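I opened the coordinates and kept notes as I went. The entries below follow the order of my look-ups.

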Amino acid sequence: MVIDEILAYNERFLQQKPLPVIGHAPRKHMAVVTCMDCRLVQMFEQALGLERGDVLELRTAGATISQPERAGAANDLIRSLAGGIYLLGVREVAVIGHTQCGLAHANPTALTASMQALGVDAQTLIDKGGLGDVQGLTRWLGAFDDVHVNVQEVVKVIRNSPYLPKIPVHGLVIDINTGKLEMVDRGAV
Ligand SMILES: [Zn+2]
């Protein structure tokens, strides 16, 4: 399994120069919300000029909050931002979606077929979770049509959350191939 490869690498890593000990409060007083896409690994920090200790990085599939979790904004992303803001000094948030996101135009047929192949019955889940239909299932997963619209919606949920104070929340989109950032919605001070 891949975990064995990782453990073997880690043994070698520990032989190198020890890491400097730094605090857990982000130096830039910022939290960044982005996607789990594997193409963002390393590239994301390099494109933004981020070093270890600079910002909090929160990743969700699609850099989104799924539709059923938006109401009331009492979801895991808001909880994480609250921890960052109240306990770690975060005073600015950037939501950064990306081009070619796997959750844009997610195919419901492919989704249910994949679930079925792995022994999970989509219909049972739809019924138990009160998701309505297969479209409801894709909404639960966080699927969206347009990355720009999604980023603006997530920004709005964060800005309007009663759990969070009024701080600048920006919405951006990063080009997954070039790393170019596009400002979609700049938060006010
Ligand atoms: Zn993505």
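Which residues lie nearest the centre of the largest pocket? I noted first that the model is predicted. I then found 19 residues in the lining of this pocket, and those nearest its centre are Gln67, Arg139, Ala143, Phe144 and Asp145. I looked up which elements contribute: α3 (67–70), α7 (134–141) and α8 (147–160) each give two or more residues to that lining. For the volume I wrote down about 270 Å³. I sorted the lining by class and got eight polar, six nonpolar and five charged residues.

Next entry, the second largest pocket. I have its volume as about 230 Å³. I listed 14 lining residues, with Thr60, Thr64, Ile65, Glu69 and Asp76 nearest the centre. At least two lining residues come from each of β2 (55–59), α4 (76–88) and α7. I recorded α4 as the source of the largest share, three residues. By class, I have six nonpolar, five polar and three charged residues in this lining. Reading the two entries together, I see α7 named for the largest pocket and again for the second largest.

Next entry, the metal. Which protein atoms are the donors of the zinc ion? I found SG of Cys35, NE2 of His98 and SG of Cys101, at 2.0 to 2.3 Å from the ion. Along the sequence, I wrote the spacing of these donor residues as C-x62-H-x2-C. I placed Cys35 in the loop between β1 (30–34) and α2 (43–48) and His98 in strand β3 (residues 92–98), so this pair ties together parts that are 63 residues apart in sequence.

Are Cys35 and His98 buried or exposed? The cut-off for buried is under 20% relative accessible area. Cys35 has 3% relative accessibility, so I entered Cys35 as buried. His98 has 1%, so I entered His98 as buried too.

Last entry, the whole chain. I counted eight helices and five strands. From the N terminus on, I read the order of elements as α-β-α-β-α-α-β-α-α-α-α-β-β. Along the principal axes, I got a box of roughly 50 × 45 × 30 Å for the C-alpha atoms. Of the 189 residues, 41% are buried. I also checked the contacts with a separation of 6 or more: 72% of them are between residues 24 or more positions apart. For the exposed surface I noted about 11400 Å², of which carbon and sulfur atoms supply 57%.

Notes. Residues numbered from 1 in each chain as written. Predicted model: local features only at pLDDT ≥ 70, side-chain atom pairs only at ≥ 80, totals over all residues. Heavy atoms only, no water. 1 Å grid on protein atoms, 1.4 Å probe; cavity = no way out; pocket = protein on both sides within 12 Å on 5 of 7 lines; lining within 4 Å. Points joined across faces, edges and corners; volume = space filled by probe spheres on them. Helix = DSSP H or I, 4+ residues; strand = E, 2+ residues; numbered from the N terminus. Nonpolar A, V, L, I, M, F, W, Y, C, P; charged D, E, K, R; others polar. Donors = N, O, S within 2.8 Å, 3.2 Å for Na, K, Ca; no water. Buried < 20%, exposed > 50% of the residue type's maximum accessible area, 1.4 Å probe, protein only. Contact = heavy atoms within 4.5 Å. Areas by Shrake-Rupley, 256 points an atom, 1.4 Å probe, with all protein chains shown as cover.
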